[in-house]
Every structure is written in C-alpha cells, then in structure tokens.
Amino acid sequence: MSEFAFQILLTLDATLRLATPLIFCALAGLFSERSGIIDISLEGKLLGSAFAAGAVASVTGSVYMGLLAAVGVSISMSLVHGFACITHRGNQIISGLAVNILASGLTVTLGIALFQRGGQTPTLGPNERFQPIELPFADALAQAPLLGPVYDELVSGHKLLVYLAFIAVPLAALVLTRTRFGLRLRAVGESPEAVDSAGVSVPWLRYRAVIVAGILCGIAGAYLSTAHGAGFIREMSAGKGYIALAAMIFGKWRPWSALFACLLFGFLEAASSRLIGVEFPIIGEAPTNLMLVLPYIMTVVLLAGFFGRAEAPSALGTPYVKEH
Amino acid sequence: MSSVPPLPRWADVGLLPIINLVIALLVSGLVVLAVGENPLRAIDIMLQGAFLYEGSLGYTLYYTTNFIFTGLAVSVAFHALLFNIGGEGQAYIGGLGAGLVCLALDAVLPGLVLIPLAIVAAAAFGAGWALAPAWLQAYRGSHVVITTIMFNFIAAGVMVSLLAGPLIKPGQSSPTSRRFSENAQIPDMQEILGAVGIEIARSPLNLSFVLAIAACVFVWLLIWHTRFGYAVRTLGHSPQAAAYAGIRIPRTIIAAMAVSGGLAGLMAVNEVLGVQHRLLLNFTAGYGFTGIAVSLMGRNHPIGIVLASLLFGALYQGGSELDLEFQTITRDMLLVIQGLIILFSGALAYMLNPPLARLIASLAHRPREAPA
C-alpha cells in the first residue's frame, strides 16, 4: 500500500474520531429544533458534560460513572433551557446563550475548587477512559490486500462511543419517522396548534425533546473528556457545539444529511491538522486556518439558498401560547 | 392569564429588573458558597477593586467603554427585532479596519487626521461585516442569529490568517502586528486631565470613553427622533404594520444591522487605538457577547445601557481582584455571574411579572376597599 493511500486512510480514521461529538450534538440539536426549540446551547451542554464526565470519572475511577454524570448534567442544563423557553416562553436564543456562558464559568470555577489545577481535571487512568475496541480478525486481516488495512485502520480500533454515534443516526431517523413520539415531535415543531387540538400536551412533548437532546449532548461531552481526551481541560468544547449546529442546519434538519455534514466537517478538521506547513504547487502553503472556517462559510452559503434550500421547522423559535 | 392585572410602568422599568438582578447575584453568591468561600467578602473585594483602589475607577470606566459600544450595537438591532449576536466578530473586523489604516498611514498622516480616519474605518469595517448576515436576512430569509454566529467564527479565522501571515511583525513568531507610531494612539484620560491640572491615577481609560457617550446620544437621537428610527421601531413592533405603512422592510433591516455592526466596530477604537496600539489576537475578549447582557439589562435604551455597562465594568474590574485575593475564585466567576444575569434578566425576565403584578395590585386595592 502506497504511503499516500496510507495517509488518506489515517486522515479518514481521524475524521471518524473528530466527527463523533459532532454527530451526537447535531442529533441533539435536531431533536430539540424539530420540536420547535432553538438550541444554541449545544456548546454549553457539551462543555458542561465533558467536565462532569472528566471530574466524576477521576473521582470514582469509573468511566461509566463519568458517562452517567455527563448525561445527568447535560439533561439538567436542557431542563434549565426548557424551563425558560417552554414554561416561561422566554427568548430561546437568550436562554441558550445564558446556558453557554454559565457552562464556561461554572466548569472552570468548580474545576478549580475540586482539583486545584487551574480548571483541569487530573489526567485519567486506563479504567477512567474508554479504550479502543479491536474488532474481530483485525490483526489477521490486516495483511489482506486493500480491504485489510481499511478494516484494521479505519473500521476497527475505535472507542465504544464512536460506534455508538454511527448507531445513533439510524436510530434517530427511525424514532423521528416511525414512532408515535417522533411523529408528534415533528408535528409540534411545525404546527403546535394542531398537536394541542389533538389533545397532546405541547409543553410535555417539547420537554421530552430537550431531554433527548440533553442525553445526546451528554454522551458527546463524555466522549470529549473520557474517550478522545484523557481528562477535562478548560474550554475543551472549543466551538464544536456551534459546528454541530452548523452541521445540523447544513443537513437540513435531517439525521442522514446531518451525518454527512458532520463527516464532511470532521474531515476538514482532520485534513487541516495534517496539512499544517505542507507546501502545495501553485497555492503554496496549505491555508489551514481558512479550512477550519470552511464549515461556517459553507453553512452560510447553504442558508443563502444558493444550493438547495434549508427549511427550518415552521414553529421554530416561537413559544406556544395555549388558547383559552 | 387574563386574571393577571397589568404591571405598572414604574415596576416594569425599575423594580422588575432590579429584582431579577438581585436573584442572579444571590444565585452567584450560592456558587461562591459552594466552592467554600464567603460571598460577602467576595462582594466587598469586588467593590473595593472596582471603585476604591488607586486607578481602579479608571479601569472600571475603560471596561464600561467597551460595553457601551457593544451594548448599543445589540440594542439598535433589537429595536428592529433582529438579534445580532455577531458583535464579537464585527468588533474584531472593526479593529482590522482601524489597524489597517494605522499600519498604512501612521508614517505620513498627523494624528488629527489619522485617528478620525481610523475611527471611521473601524465603524465601516464593523458595519461591512454585518452586511452579509443582514442581506441574507432581508432578502433570503436566513436567520440572522445563525449567520452572525457563523460570521463570528469566520472573523476569527480571517484574523488568525492575517495576523499569522501578511500583518505579522517581521522577525517574530507570535501573531501580532507591529506597534503603531505615537500619532495613531488615542490619548489617555490621564494625559488629558493632567494637561488641565487634574491628577488621576494611571489606567487604560482614554478619550474613547467620550466617543462612547457621544454614541449613546447618537443612538438616542437616531432611534427616537428620526424617520429611520421610527421605521426601525415600527418594524420591531410589527412587521405587518411596517409593510402596510409603506416602510421598506429589507432596506430597514440592512440599515439597522449596518448601524449595529458599526457600533460594535467602534469597540475596537477603545481597545486597538486607545490601549493596545497594535493588532493582536482575541482583543475582543468576549466583550461582544457581554453586550447582549448589557442591552438586555439596559432595556435597549442608551441610559439603561450606560448603567448596565457601568455594572459590568465594575464586575470585570472588581472580578480581576478576586484572582489576587482568593485561592479558589478566579475571573471565571464573572462568566457565572454574567450567565446568571442573562438567564434571569433575559430569558426569565417575565417569570416574576404575574406574581409581582398581583402583589402590587392587591397592595394598591387594599386601602380603597378598607373604608367600604
């Protein structure tokens, strides 16, 4: 296998790892927004749950306790957002922003109080992190031509949560299109009056949607600090929540298209980190800084309606006032 | 809901915001308590750090200057019911405008020409950065919130590319531009007041503060005393009414966003021309986002915005004292306070409206009912 092909394989491998938190967060945003609740607090939930996972895994010594804590913290942040937007019909953008800023401040403040390491958690040991899973026959097949290395390098050897992300996408699609909950959830994002007049509670449906979003963001946060990294560091979400938001919009609020967008954005990040300082003919040094903002530029261009049209759920952002 | 009496105006404008602020501060106090420190001592240190220590008032007013600009920026867009969360990026690019003028011309132009030119460039670049999201909102219906978020990240990417590339000071590795020459620097308040015989302590407070106050007057005149302001407020109250009244909606959206972006760009005047005297990464330091809190607290009115900016200026300056005095509380506590203020004064602003209205109504009715 040529060196070039091997490099491509490694980049694709990194793409899967970098896309995983984006996939969970984009699905989270999808559930929330299809129910009519704008969720710019993906970033804050990601950060908050990454801290919870890192801190609890470090204290208890168990990676699964960390995951549980991450999901718990993320759900409670979702509930704050829901309390403001669903119960009190507050502005959903303002509420999301509050959650994000709170997460930035609280993670570091609590981190310093708990661990005295400037906001970081201690480096996690092997039992406190997710370990790579070697799929069966990976070693044996590695020598096989072409597909061997692909199976060994690309498909095998990821952490549990990476595989979970790729299972979550069809699952989410199934829930949204085939279950009573999913159908009602989508209806409440398009026409809450209709759902209400059918005797289904709009607030309770929306609360369940933001709770699902909380669970998914929690898994993404746990992935950041206990699978991808080895502990929490301050501002570790680093805008990934917003990239996921962009991916969800880029995917037109649909699970499979969102997955594609996450993989694309993940690939851009993976490629740009490999291309730092690499010289190309004609264009010179690779514009890695610009590659990193390409997801945002592409999302804006898509929103402008220049290729395809991204239609948001029609009741998105509008609080529902029950008629009397 | 119809049983709730309307809240009197004085309570809506004066009492409710204060109650919300107090709740936010109380919850912040609980966080301080939770990390094992004394909230009262923290407040004491913050107050002293913000107002009493030598030079502290100057620092407080320097932060206030930033918040006035970004707060006004958010408020102007908000009057047209547009949520501009791109103040951070607009200020960043505004700084690029001011910086480019200074780097290009500081060897040839005198300060009296150069500085106004740089200020205009800051506003123009800031406004320009708001134009694309504004145009997309006006003509393509793309949500301005999402596009301004994206433009914040794009601005950061552009600035990193430029400062690490063409604008980097030759012969160094950290991504900053060269220092501007003396004539491109906005004079400190200390120098100006010193010239007329008033001695004040050294601080980053500079003449930009006066520009910020002038911007407040400008916004007040623009929004409440011009045709354009009327169009903006009509659009904000009811797009249908605005359309029916013959107001050209797309044009009003674009103009309001341009003014908003220009005001955000002016924040860079304080930071780049007044304090740093060069271009560097992340000089906006979240001030653009804080502008949202400032505008919410100040109820989108220039007077309210000045008061809220003063509060946040004091929090920022007082907060930096926390670093020195406490083991466990750092500047990050400011973000907690800020997040709680946005939550209680913004997202949950009307949570206490019905109970407060009932309380006031029952207090107001009791004396009248008593004689009967």
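Colleague: How many salt bridges does the rule find across the interface of chain B and chain A?
Modeller: First, the ground rules: this is a predicted model, where local features need pLDDT of at least 70, side-chain atom pairs count only at pLDDT 80 or more, and totals for chains, interfaces and linings use all residues. Residues are numbered from 1 along each chain as its sequence is written, chains are lettered from A and ligands numbered from 1 in the order in which they are written, and side-chain values use heavy atoms, leaving out hydrogens and water. A salt bridge needs a side-chain nitrogen of Lys or Arg within 4 Å of a carboxyl oxygen of Asp or Glu. Across this interface, the rule's count is 1.

Colleague: Which residue of chain B meets A:Arg234 in a salt bridge?
Modeller: A:Arg234 is partly exposed, at 39% relative accessible area (partly exposed lies between buried, under 20%, and exposed, over 50%, with a 1.4 Å probe and protein chains only). Its partner is buried, at 9%. The two side chains meet at 2.7 Å, N to O, and the chain B residue is B:Asp332.

Colleague: By class, what does the side of chain B that touches chain A have?
Modeller: Two or more residues each come from α5, α6, α12 and α14 of chain B (helices are DSSP runs of H or I, at least four residues). Ala, Val, Leu, Ile, Met, Phe, Trp, Tyr, Cys and Pro count as nonpolar, Asp, Glu, Lys and Arg as charged, and the others, Gly among them, as polar. Sorted that way, the tally is 26 nonpolar, 10 polar and 2 charged residues.

Colleague: Which three residues supply 16% of the area that chain B buries against chain A?
Modeller: The contact (heavy atoms within 4.5 Å) takes 38 residues from chain B and 41 from chain A. Together the chains bury about 3,500 Å², 81% of it on carbon and sulfur atoms; that is accessible area (1.4 Å probe) lost on being put together, summed over both. No other three residues of chain B give more than B:Arg140, B:Met150 and B:Phe153.

Colleague: Which residue meets A:Lys45 in a salt bridge?
Modeller: Over all chains the rule gives 8 salt bridges. In this one the N to O distance is 2.7 Å, and A:Lys45 is buried, at 1% relative accessible area. Its partner is buried too, at 0%: A:Asp39.

Colleague: How many residues apart are B:Asp12 and B:Arg299?
Modeller: Their side chains meet in a salt bridge at 3.6 Å, N to O. The pair links distant parts of the chain, from helix α1 to the loop between α12 and α13 of chain B, and the separation is 287 residues.

Colleague: Which helix gives the largest share of the largest nonpolar core?
Modeller: Such a core is a set of buried Ala, Val, Leu, Ile, Met, Phe, Trp, Tyr and Cys residues joined through side-chain atoms within 4.5 Å. The largest has 187 residues, and those with the most contacts inside it are A:Phe265, B:Ile85, B:Leu273 and B:Phe283. The largest share, 12 residues, comes from chain B's helix α11.

Colleague: How many residues are in the other core, the one with B:Val4?
Modeller: This core lies apart from the largest one. Its members include B:Ala11, B:Leu16 and B:Ile360, and its residue count is 7.

Conventions
Buried area is the accessible area (1.4 Å probe) that two parts lose on being put together, summed over both.
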